[in-house]
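The questions below take up one chain, beginning with a charged pair and going on to the surface and the overall fold. Please look over the sequence and the structure before reading the answers.

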Amino acid sequence: MSDSVMHAVAGGAGGMIAMTLTYPLNVISQRAAVQSKQEKKTSLIQAAMKILQKEGAGGLYSGLNSSLFGIAITNTIFYLFLEESKRMLIKAKTAKAATNAKLTISTLEMMLSSTIAGAATTIATNPIWLIQTHQATRGAVETDVEAGKVQKRPLGMIESAQEIVREKGIASLWKGVGASLILVINPVLQYTAFEYLSKLLTKWKSGRATGSGSGVLSDFDMFYLGAIAKLIATGTTYPYLVVKSRLHASTHNYKSSWEGIKSILAEEGIAGLYKGIQAKLMQSVLTAAFLFVAQRRVFQLVKTLLTMRIARQAALKA
């Protein structure tokens, strides 16, 4: 198994771990993003309590199944394209330099690799995230049970997909893909910032090293560097995240992302472009921080297990 495939597997698994830990914040931010101007603005705690009172604890995890499926597919595709793009760039540079020395990619090359990976991932996974947004913002559905009682439960992933296709057609599963492609700038900024900050910190730690291994980044380093990188990315692109959520949830009839931005500015002012940013920043920053740590640990685990398997097979053949 190549390193690129192992990174892809680790990215998918790490994303699922990180998403599960922070998912309630994602639901709260998405619901805040699709609110109309007339709806009363609520704090993070008030929003959580409102969901708990109306839908129970399950309401905070509406759409978790599609989110876990989505993040696994998204991260697997993203890391596969990212690592393969980086490998090809390094291979080309090595051939051109005619050297056996280990080369690294530049900041611009990292941006190019992230853009390729982000675009491929966005087109492939837009339907999954549209369904997840529909689940998270649709709220609980009522189900008739015996004795005339009514039970509330979150809308299922398959039910959501069927409802969307039935009401708006299969092409609607790619609604908002334009905004999503523009939002490729988010992972570009995130991974470029992370790589840049990692190199700076590694260089600084190596300069202070007095013993072997002192220049290696710790899990805590990965955690806060991942958080800083995501803070930069999400803080920069959040207005488009609001438009994307509204397009996916179909709560506002925008014909395009640009029309959505203009409409929000005209009706709600600049604050409308940042609805739900408190929960979103908290969720996305924590998710990214956990992701970078989990991805590295899963990658190391997979590599160790494969090495042990190869060694065992070699011993049996001997």
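Q: Which side chain meets that of Asp-219 in a salt bridge at 2.9 Å, N to O, with its partner in helix 10 at Arg or Lys position 296?
A: This is a predicted model, in which local features need pLDDT of at least 70 and side-chain atom pairs count only at pLDDT 80 or more, while totals for chains, interfaces and linings use all residues. Residues are numbered from 1 along each chain as its sequence is written, and side-chain values use heavy atoms, with hydrogens and water left out. A salt bridge is a side-chain nitrogen of Lys or Arg within 4 Å of a carboxyl oxygen of Asp or Glu. The side chain that meets Asp-219 in this way, at 2.9 Å from N to O, is that of Arg-296.Q: How many residues apart are Arg-297 and Asp-219, which link distant parts of the chain?
A: The side chains of Arg-297 and Asp-219 also meet in a salt bridge, at 2.9 Å from N to O. Arg-297 lies in helix 10 and Asp-219 in helix 8, where helices (H or I, at least four residues) and strands (E, at least two) are DSSP runs numbered from the N terminus. The separation along the chain is 78 residues.

Q: Is Arg-296 buried or exposed?
A: Buried means under 20% relative accessible area, exposed means over 50%, and partly exposed lies in between (1.4 Å probe, protein chains only). Asp-219 has a relative accessible area of 24% and is therefore partly exposed, and Arg-297, at 44%, is also partly exposed. Arg-296 has 18% relative accessibility, so this residue counts as buried.

Q: Which residue meets Glu-84 in a salt bridge?
A: Side chains of opposite charge can pair when their charged atoms come close. Glu-84 is partly exposed at 25% relative accessible area, and its N to O distance to the partner is 3.0 Å. Both residues lie in helix 3, three residues apart, or about one turn of the helix, and the partner is Arg-87.

Q: What percentage of residues 59-82 is helix?
A: An unreviewed UniProt entry annotates residues 59-82 as "transmembrane region", although such annotations may be inferred rather than shown by experiment. The end C-alpha atoms of the span lie 34 Å apart, its strand content is 0%, and its helix content is 79%.

Q: How many helices does the chain have?
A: From the N terminus on, the elements run α-α-α-α-β-β-α-α-α-α-α-α. Of the 318 residues of the chain, 46% count as buried. The secondary structure comes to two strands and ten helices.
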